[in-house]
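The report that follows describes selected strands and helices, with attention to how they pair, pack and are covered.

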Amino acid sequence: MELPQLNKFSGFRKCFSKTNDLLVTGKRLRYFIRYEGMNKLLSILLIFVSSCVNSQQKTGEPVEGIPVFAYHRFGDDRFPSTNIDMKVFKDQLNYLKENNYKVLTLDEAIEAIENENVKPKSVVLTVDDGYKSFYENAFPLLQEYGYKVTIFVNTSYVGGNDFMDWDELREISKAGMEIGNHSHEHPHFLNKQNPAKSFREDVLKAQSLFEKHLGYFPGAFSYPYGEYDRTLIEEAREMGFYAATAQRSGVMSPESTFAIPRFPMGGPFATIDGFKRKLKFLPLRIRVHSPQSTTAIAEEFVFSVQDEVFEGSVQCFIDGEKRKLTRNGNNFETAIPESSQRRQLLTVTARHKKSNLYGWSSFLLINTNNRE
Ligand SMILES: [Zn+2]
């Protein structure tokens with residue numbers, strides 16, 4: 001994927017001396033230093049003291065990963081495509097409990113990955129947009145089970161019809177739920193004239209509102225619509241977030257912490273069987289040669305598999321439809337069908353030789369000319 005090329009940033013995290021403006025969130029120390037930016041917005045630079053990621057893996061070995069799931073609405077069938085039925089959600093939590101899964105917040109999961117201490121059966125549940133149905137339906141159930149999740153909130157919607165207000169967000173935060181930044185306005189940043197500038201201004205506005213109402217700056221970020229490119233990844237890193245989630249299926253690995261793949265749990269995906277199946281997948285390392293970037297116009301999907309996998313087990317799906325692959329040296333190729341969709345998901349699965357388990361990886365292709 002494009003992510004390995006970003007390893008040059010892995011040395012970004014440095015220790016800085018303390019200042020009066022430090023805040024501490026989560027289990028790890030996060031250092032936030034304020035400065036006045038070029039524009040009038042409050043700008044925040046977050047610098048971590050945790051050790052740098054050591055994601056070097058021996059070639060061919062599957063990397064340790066943690067499956068991450070993305071939810072939106074709970075028990076709210078007015079919006080079936082983003083909703084999960086409460087009975088199905090309860091079945092999922094039951095399954096995790098009965099099978100001794102460790103439900104981690106994203107913060108805890110990234111810490112485990114950075115310390116190379118990922119316990120088997122770890123899983124992260126995330127929730128985007130901060131809908132009221134989380135507070136009313138999911139939160140009480142999660143408390144019963146003693147599970148904590150990470151909720152990404154876009155601050156301009158807080159208190160609006162259908163969305164949690166600041167009192168509710170404070171309450172769930174006090175109960176141990178991790179609150180993450182999902183931008184202020186939830187825009188299509190990649191359609192802005194200057195995506196980096198718009199991103200920085202909007203996301204910092206959200207950070208200042210979180211600080212005002214919750215008393216801290218969230219450390220995790222979720223790209224609106226899951227849309228990202230190299231520029232937004234760079235911005236998110238430089239602003240000091242410790243990780244950022246995307247919307248592409250797959251399993252989180254040390255190499256994908258700024259475009260974290262998540263399995264969607266809404267609409268047709270929100271089942272107990274699909275949930276169980278996806279819990280068993282490992283990450284899969286692929287190198288994508290075409291498209292060249294998430295926003296490129298490309299007719300061909302060309303990739304190679306970096307892990308040692310069984311030759312005949314490599315499969316490709318585009319928007320869920322199985323594609324015929326052509327082998328060309330180390331590369332696999334298939335045509336990308338034309339689509340009027342804004343986002344296409346190019347998915348690869350293959351069976352790892354070492355573990356005999358399947359790995360899953362997806363490349364998100366965004367056509368910014370198409371509407372949502
Ligand atoms: Zn969203």
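In this predicted model, Asn-328 has Asn-331 in strand E20 as its bridge partner. Strand E19 is joined to strand E20 (residues 331-335) by three bridges, and the two strands run antiparallel. Both belong to an open sheet of four strands, which has the order E15-E16-E20-E19 and antiparallel pairing. Strand E15 (286-290) and strand E19 (326-328) stand at the edges of this sheet, and because each has a single partner strand, one side of each is left without a neighbour in the sheet. From one strand to the next, the twist averages 30°.

A further open sheet holds five strands in the order E14-E22-E21-E17-E18, and here the pairing is mixed. Its edge strands are E14 (282-283) and E18 (321-323), each of which pairs on one side only. In general, strands of a sheet pair through backbone hydrogen bonds, in either a parallel or an antiparallel sense. The table lists three of the pairings in the five-stranded sheet, each with one pair of residues that stand opposite one another.

| Strand pair | Sense and bridges | Residue pair |
|---|---|---|
| E14 and E22 (residues 358-366) | parallel, two bridges | Pro-283 and Trp-360 |
| E17 and E21 (residues 343-351) | antiparallel, four bridges | Gln-315 and Thr-349 |
| E17 and E18 | antiparallel, three bridges | Ile-318 and Glu-321 |

Strand E17 deserves a separate word. Strands E17 and E18 form a hairpin with two residues between them, and in the turn Asp-319 has a positive phi of about 50°. Which residues of strand E17 (residues 315-318) make up its covered face, and which its uncovered one? Cys-316 and Ile-318 lie on the covered face, whereas Gln-315 and Phe-317 lie on the uncovered one. Such a division is in keeping with the general rule that in a regular strand the side chains alternate between the two faces of the sheet. The bridge pairs draw on both faces of strand E17: Gln-315, on the uncovered face, has Thr-349 in E21 as its bridge partner, while Ile-318, on the covered face, stands opposite Glu-321 in E18.

Among the helices, H2 (residues 106-114) can be taken next. How many of the nine residues of H2 are buried? Seven of them are, so helix H2 is largely enclosed by the rest of the structure. The buried residues are Leu-106, Asp-107, Glu-108, Ala-109, Ile-110, Ile-113 and Glu-114. Glu-114 counts as buried because 22 other C-beta atoms lie within 10 Å, where 20 or more are required. The C-alpha atoms of Glu-114 and Pro-254 are separated by 7.3 Å, although these residues are 140 residues apart along the chain. Just after helix H2, Glu-116 takes a positive phi of about 50°.

The contact between helices H1 and H7 completes the account. The axes of helix H1 (residues 86-98) and helix H7 (residues 272-279) come within 9 Å and cross at roughly 35°, and the crossing of H1 with H7 is right-handed. On the side of H1, the residues that take part are Val-88, Asp-91, Gln-92 and Tyr-95, and they meet Ile-272, Phe-275 and Lys-276 in H7. Sorted by class, this contact of H1 with H7 comprises four nonpolar, one polar and two charged residues.

Note on methods:
Residues are numbered from 1 along each chain as its sequence is written. This is a predicted model: local features need pLDDT of at least 70, side-chain atom pairs count only at pLDDT 80 or more; totals for chains, interfaces and linings use all residues. Two strands pair if DSSP finds at least two bridges between them. Axes are lines fitted to C-alpha atoms, for helices over the stretch in contact, and angles run from 0 to 180 degrees between N-to-C directions. A crossing is left-handed if the near helix is turned anticlockwise from the far one by less than a right angle, and right-handed if clockwise. Two residues are in contact if their C-beta atoms, placed from the backbone, lie within 7 Å. Ala, Val, Leu, Ile, Met, Phe, Trp, Tyr, Cys and Pro count as nonpolar, Asp, Glu, Lys and Arg as charged, and the others, Gly among them, as polar. A residue is buried if 20 or more other C-beta atoms lie within 10 Å of its own, exposed if 12 or fewer, and partly exposed in between; C-beta atoms are placed from the backbone.
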